[in-house]
Amino acid sequence: MPLQLVTPPAGEPVSLAEAKQHLRVDCDDDVLLIGSLIAAARQAAETQTGRQLITARWKLVLDAFPGPLMQSAPGASFGLPGHAVLLAKCPVQSVVSIEYLDMNGTNQVMPASDYVLDAACEPARITPVFGKTWPPTLPQMGAVSVTFDAGYGAASAVPEGLKSWIKLRVGSLYGHREEMSVLSRGRIDPFPFVDGLLDGFKVSLV
């Protein structure tokens, strides 16, 4: 599902001071480099987990609303309806708008009272409210767009496991600044627990 970043995050989950402390760097010679490494590590964490750390605005573009209508199995307390729109960036804070092209090719905004967001589920689900259905759309690519805000909020709200992984990745990038390392002896072995810090945060679409 094509996701477009509309408004990037206003900051990073790990501050320059936190990164310098982790790197044991006291001078300001490499502040631009360290800042760029923080952003790169944060983007890698978001890609691997499917999460948005600091709040940002995204747009999901679809060719049509999903369907058909499917009900949960009898007695089931949770289900994934076939007509649900899934938002793959988590955690979702709110839906800004749902827009679509009607059969005349006119852009329409769906009233917020006509759909419901389940942000507690990951990925978050959007369905029409009871008694409503998705409106018909022009059979054309990109006919539907869902704009939403996702993220934990401020840096202080980002889980420590994610921030620890970012600092470890920054340390690795800072210590090894080229694509390859030439060693006179020995070898470099990754610590297996490092990527395990992300395991509990990965969002599955299945």
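The following dialogue goes through the features of a predicted protein model.

Biologist: Where should a reader begin, and how many helices and strands are there in the protein?

Modeller: One begins with the inventory of elements. The protein has 4 helices and 8 strands. Read from the N terminus, their order is β-α-α-β-β-β-β-β-β-β-α-α. Since this is a predicted model, every value discussed here is computed from it.

Biologist: What share of the 206 residues counts as buried?

Modeller: Of the 206 residues, 38% count as buried. The exposed surface of the protein comes to about 12,100 Å², and carbon and sulfur atoms supply 56% of that area.

Biologist: Among contacts between residues at least 6 apart in sequence, what percentage joins residues at least 24 apart?

Modeller: The figure is 76%.

Biologist: Let us turn to the helices. At what angle do helix α1 and helix α2 pack?

Modeller: The angle between helix α1 (residues 16-23) and helix α2 (residues 31-49) is about 100°, and their axes lie 10 Å apart. An angle of 65 to 115 degrees counts as roughly perpendicular, and α1 and α2 are therefore roughly perpendicular to each other. On the α1 side, Leu16, Ala19, Lys20 and Leu23 make the contact; on the α2 side, Val31, Ile34, Gly35 and Ile38 do so. Sorted by class, this contact has 6 nonpolar residues, 1 polar and 1 charged.

Biologist: How does one read a sheet, and in what order do the strands of the open sheet with β3 stand?

Modeller: The general idea is that strands of a sheet pair through backbone hydrogen bonds, either parallel or antiparallel. Here, 3 strands form an open sheet in the order β3-β7-β6, with antiparallel pairing. The edge strands are β3 (85-87) and β6 (115-118), each of which pairs on one side only. From one strand to the next, the twist averages 20°.

Biologist: How many bridges join β6 and β7?

Modeller: Strand β7 (residues 124-128) and β6 pair over 4 bridges in the antiparallel sense. To locate this pairing in the model, one may look at Leu117, whose bridge partner in β7 is Ile126.

Biologist: With which strands does β4 pair?

Modeller: One partner is β8, to which β4 is joined in the antiparallel sense over 7 bridges. Within that pairing, Val92 has Ala150 of β8 as its bridge partner. Another partner is strand β5 (residues 107-109), which runs antiparallel to β4 and is joined to it by 3 bridges. There, Tyr100 is bridged to Gln108 in β5. Strands β4 and β5 form a hairpin with 5 residues between them, and Gly105 in the turn has a positive phi of about 80°.

Biologist: Are Ser145 and Thr147 in strand β8 buried or exposed?

Modeller: A residue counts as buried if its relative accessible area is under 20%. Ser145 lies in strand β8 (residues 144-150), and its relative accessibility is 14%, so Ser145 counts as buried. Thr147 is also found in strand β8; at 9% relative accessibility, Thr147 counts as buried too.

Biologist: Which residues are in contact with Ser145 and with Thr147, leaving aside neighbours within four places in sequence?

Modeller: Ser145 is in contact with Lys59, Leu60, Val61, Ser97, Ile98 and Glu99. Thr147 is in contact with Arg57, Trp58, Lys59, Val95, Val96 and Ser97. Lys59 and Ser97 appear in both lists.

Biologist: How does one read the backbone angles, and where do cis peptide bonds occur?

Modeller: In general, most residues other than glycine have a negative phi, and most peptide bonds are trans. In this model, the peptide bond from Cys90 to Pro91 is cis, with omega near -5°. Pro91 sits in the loop between β3 and β4 (92-101). A cis peptide bond also joins Glu122 and Pro123, where omega is about 0°. Pro123 belongs to the loop between β6 and β7.

Biologist: What is the phi of Arg24, and where does this residue lie?

Modeller: Arg24 is a residue other than glycine with a positive phi, near 60°. Its place is in the loop between α1 and α2. The relative accessible area of Arg24 is 73%, so this residue is exposed; the threshold for that word is over 50%.

How values were computed. Residues numbered from 1 in each chain as written. Predicted model: local features only at pLDDT ≥ 70, side-chain atom pairs only at ≥ 80, totals over all residues. Heavy atoms only, no water. Axes fitted to C-alpha atoms, helices over the stretch in contact; angles between N-to-C directions. Helix = DSSP H or I, 4+ residues; strand = E, 2+ residues; numbered from the N terminus. Parallel < 35°, antiparallel > 145°, perpendicular 65-115°, else oblique. Contact = heavy atoms within 4.5 Å. Nonpolar A, V, L, I, M, F, W, Y, C, P; charged D, E, K, R; others polar. Buried < 20%, exposed > 50% of the residue type's maximum accessible area, 1.4 Å probe, protein only. Areas by Shrake-Rupley, 256 points an atom, 1.4 Å probe, with all protein chains shown as cover. Pairing = 2+ DSSP bridges.
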